[in-house]
Amino acid sequence: MEGSLPSLVEAGLNERAGDRRYEVINTGTMSYSPLIAYVLIRYKILDYAPDLIVLVVDMTDDFDDWKYRQTALYDADGNPKAVPPRNAYLSEYVDTESGPVEATFWTRAQLFLYRHSYFYAYLLSRREPTTGSRRQPVADAYPRWAWCQEHWDERTQANVDAMFDVIGRIAALCRRQGVRLMLTAVPHYQQFPNTDEDGAYSMWSSRPHRELCALAAELEVPCLDAFQALKPAIQGTPQHRYYYRGDMHFNPEGYRIWAQTHLAFLNDSEHRLLD
């Protein structure tokens, strides 16, 4: 925990706080997205009387919000009020790292074993990725990394618009409660251009970061473009320098430089986040 982004930011803020004391609460939860974040802020986080909320959007959040909208409940004003869990064993698809796949008897059995057997989960982590019909994405399911493409189709645009509507509602909720809000997103290694014989290339686009900060400008909310802030350090480096090998998450060195970008942004008086 001491190496997590919130802990590093808290330590950095308090190093130069003087008589002040900053407390940063880590509410990051695996697979959460703006839809659940709204419910969490509305019913839980506001009870802590925060001065500032930092909403960190992930590169799978458009997919997760699409998934959660299937069960989400809304109040009379269209604001999310609950996101009941989906019954994965009755669903037509199972969510995997490569995207939703058909929920056959075997995939449901794998899901059950993965959730209830540490030994099976360990064996699964040691084997090579499989191919075949069981791993083919469900035809009508929304792709997991859709908005990481530079060019969006109509469905991607509609799902991003729906997610951005929720972010706008979070901004409105914070404004009504007198709570400052800061937006940012998690940059993934695949978004940073590397160099080959033909020049720069990258697997994913940085468009999500650009679009999020454009939304923030409309909402009049400060936005940290972490992709641009970290690009000088990460671009052209091997993945294992700042990320875990074959994984989408930062390693400790990556968290350290990510925290530094947050601290620089928070301490910039232009944003007026720590007044």
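The exercises below work through a predicted model of a protein chain, each with a solution in steps.

**Exercise 1. The chain as a whole**

Task: State how many helices and strands the protein chain has, and what share of its residues count as buried.

Solution: Begin with the secondary structure, which comes to 10 helices and nine strands in the protein chain. Turn next to burial, where 45% of the 275 residues count as buried. The surface that the protein chain exposes is about 15,900 Å², and carbon and sulfur atoms supply 52% of it. Finally, consider the contacts with a separation of 6 or more, of which 65% are accounted for by residues 24 or more positions apart.

**Exercise 2. The sheet of three strands**

Task: Work out the order of the strands in the open sheet of three strands, and identify which are the edge strands.

Solution: The order of this open sheet is β1-β6-β9, and the pairing is parallel. Its edge strands are β1 and β9, each of which pairs on one side only. Now take the two pairings in turn: β1 and β6 pair in the parallel sense over six bridges, with Val54 standing opposite Met182 in β6, whereas β6 and β9 pair in the parallel sense over two bridges, and there Thr184 has Leu224 in β9 as its bridge partner. The last step concerns burial: five of the six residues of β6 are buried, so β6 is largely enclosed by the rest of the structure.

**Exercise 3. Helix α7 and His209**

Task: Describe how helix α7 lies relative to the strands, and decide whether His209 is buried or exposed.

Solution: Helix α7, residues 207–219, lies across β1, β6 and β9, and runs at about 165 degrees to β6. His209 has its place in this helix. Because residues under 20% relative accessible area are classed as buried, the 1% relative accessibility of His209 makes it a buried residue. Its surroundings can then be listed: leaving aside neighbours within four places in sequence, His209 is in contact with Met59, Ala185, Val186, Pro187, Gln191, Asp225 and Phe227. With the side chain of Gln191, the side chain of His209 makes a polar contact at 3.0 Å.

**Exercise 4. Helix α10**

Task: Check whether the span of helix α10 agrees or disagrees with its number of residues, and find what its buried residues pack against.

Solution: Helix α10 covers residues 252–266, and at 1.5 Å a residue its 15 residues should span 21 Å. The C-alpha atoms at its ends are 21 Å apart, which agrees with that expectation. At the start of α10, a side-chain oxygen of Asn251 comes to within 3.1 Å of the backbone nitrogen of Glu253. The buried residues of α10 include Gly254, Trp258, His262 and Phe265, and the elements that the buried residues of this helix pack against include α1, α8 and α9 as well as the strands β1, β6 and β9.

**Exercise 5. Arg144 in a loop**

Task: Locate Arg144 and give its separation from Lys67 in sequence and in space.

Solution: Arg144 is found in the loop between α5 (118–126) and α6 (154–177). With a relative accessible area of 14%, Arg144 is buried. Arg144 and Lys67 are 77 residues apart in sequence, while their C-alpha atoms are 9.9 Å apart in space.

Methods. Residues are numbered from 1 along each chain as its sequence is written. This is a predicted model: local features need pLDDT of at least 70, side-chain atom pairs count only at pLDDT 80 or more; totals for chains, interfaces and linings use all residues. Side-chain values use heavy atoms; hydrogens and water are left out. Helices (H or I, at least four residues) and strands (E, at least two) are DSSP runs, numbered from the N terminus. The expected span of a helix is 1.5 Å times one less than its number of residues. Buried means under 20% relative accessible area, exposed over 50%, partly exposed in between (1.4 Å probe, protein chains only). Contact means heavy atoms within 4.5 Å. A polar contact is a pair of N or O atoms within 3.5 Å; within protein, one must be able to donate a hydrogen and the other to accept it, and residues adjacent in sequence count only if both atoms are side-chain atoms. Two strands pair if DSSP finds at least two bridges between them. Axes are lines fitted to C-alpha atoms, for helices over the stretch in contact, and angles run from 0 to 180 degrees between N-to-C directions. Accessible areas come from the Shrake-Rupley method with a 1.4 Å probe; for residues, only the protein chains shown count as cover.
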